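Thank you all for coming; I would like to take you slowly through one structure today. Please have the sequence and the model open while I talk.

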Amino acid sequence: MSCQNHHDPPLQEILWSLEGTGVWIVVWDEPFFQGKKHEFTTDCYSTSEHGFSTVRSCRVESGAWAGFEHCGFQGQQFVLERGDYPCWEAWSGSNAYHVERMCSFRPIACADHGRSRLMLFEQENFQGKRAEMSDDCPSLPALGWGSSTVGSFLVRSGAWVCSQYPGFRGFQYLLESDSPSGEYKHVREWGSHAQTGQIQSIRRVQQ
């Protein structure tokens with residue numbers, strides 16, 4: 001059985017039109033949409049609070065969601081956009097190391113694919129060389145960014161996914177314009193799993 005991320009089947013389009021602009025995710029405690037089924041329209045701080053240890057498959061019916069390796073929105077991050085995720089490889093397969101668990105998740109409220117702006121700086125605290133982006137960039141080196149690292153970010157609008165390697169591979173870091181005020185002054189603010197400033201590709205989160 002193939003375990004790829006298949007987006008936008010006809011049923012998804014129907015559900016999307018019914019839901020409008022709301023957020024909705026369905027998760028299962030077994031791969032390939034088997035086992036216990038749970039539906040969420042708001043944060044899940046810990047899957048154990050809902051009677052299952054981890055998410056093993058999920059379907060994002062509407063909105064964009066952030067998944068996390070551990071409860072309390074900690075650990076490696078996974079950006080989940082509308083579509084099917086039949087097993088953990090579908091959301092973790094291109095990351096720096098494979099994570100077979102997702103124990104908390106929440107909506108990405110500020111995602112706005114069409115009106116996203118991001119500023120990146122070479123050094124911490126918004127110092128040094130800077131650049132501004134409003135579109136996806138599969139390779140910062142190809143764009144002319146002279147360093148393999150980024151020191152700080154200022155998210156003007158929308159939500160962005162920064163990846164460790166070109167082609168949106170490696171560790172992912174979710175940056176949001178509403179958390180907190182879009183300011184990420186140093187690597188430690190990118191997430192509990194952030195240990196390096198290496199960023200080589202960036203894209204906008206889709207609703």
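Let me begin with the largest nonpolar core, which has 20 residues, and in which Leu-140, Phe-153, Trp-190, Ile-199 and Ile-202 touch the most other members. By a nonpolar core I mean a set of buried Ala, Val, Leu, Ile, Met, Phe, Trp, Tyr and Cys residues joined through side-chain atoms within 4.5 Å, where buried stands for under 20% relative accessible area, with a 1.4 Å probe and protein chains only.

Before going further, I should say that this is a predicted model, in which local features need pLDDT of at least 70 and side-chain atom pairs count only at pLDDT 80 or more, while totals for chains, interfaces and linings use all residues. Residues are numbered from 1 along each chain as its sequence is written, and side-chain values use heavy atoms, leaving out hydrogens and water.

Returning to the largest core, the elements that give two or more residues to it are strand S8 (117–123), strand S10 (152–157), S11 and S12, and S12 supplies the largest share, three residues. Strands here are DSSP runs of E, at least two residues, and helices are runs of H or I, at least four residues, both numbered from the N terminus. There is also a second, separate core of 18 residues, which includes Val-55, Phe-78, Ala-90 and Val-99. As background, nonpolar side chains in soluble globular proteins tend to be buried together.

What does Trp-190 touch, if we leave aside its neighbours within four places in sequence? Among its contacts, meaning heavy atoms within 4.5 Å, are Gln-77, Phe-153, Tyr-173 and Ile-199.

Tyr-173 leads us to a sheet, since it lies in S12 and stands opposite Cys-162. Six bridges join strand S11 (residues 159–165) to S12, and the two run antiparallel; two strands count as paired if DSSP finds at least two bridges between them. The open sheet has three strands in the order S12-S11-S14, with antiparallel pairing, and its edge strands, S12 (169–176) and S14 (201–204), each pair on one side only.

Finally, for the chain as a whole, the secondary structure comes to three helices and 14 strands, and buried residues make up 53% of the 207 residues. Among contacts between residues at least 6 apart in sequence, 69% join residues at least 24 apart.

Terms used: Buried < 20%, exposed > 50% of the residue type's maximum accessible area, 1.4 Å probe, protein only.
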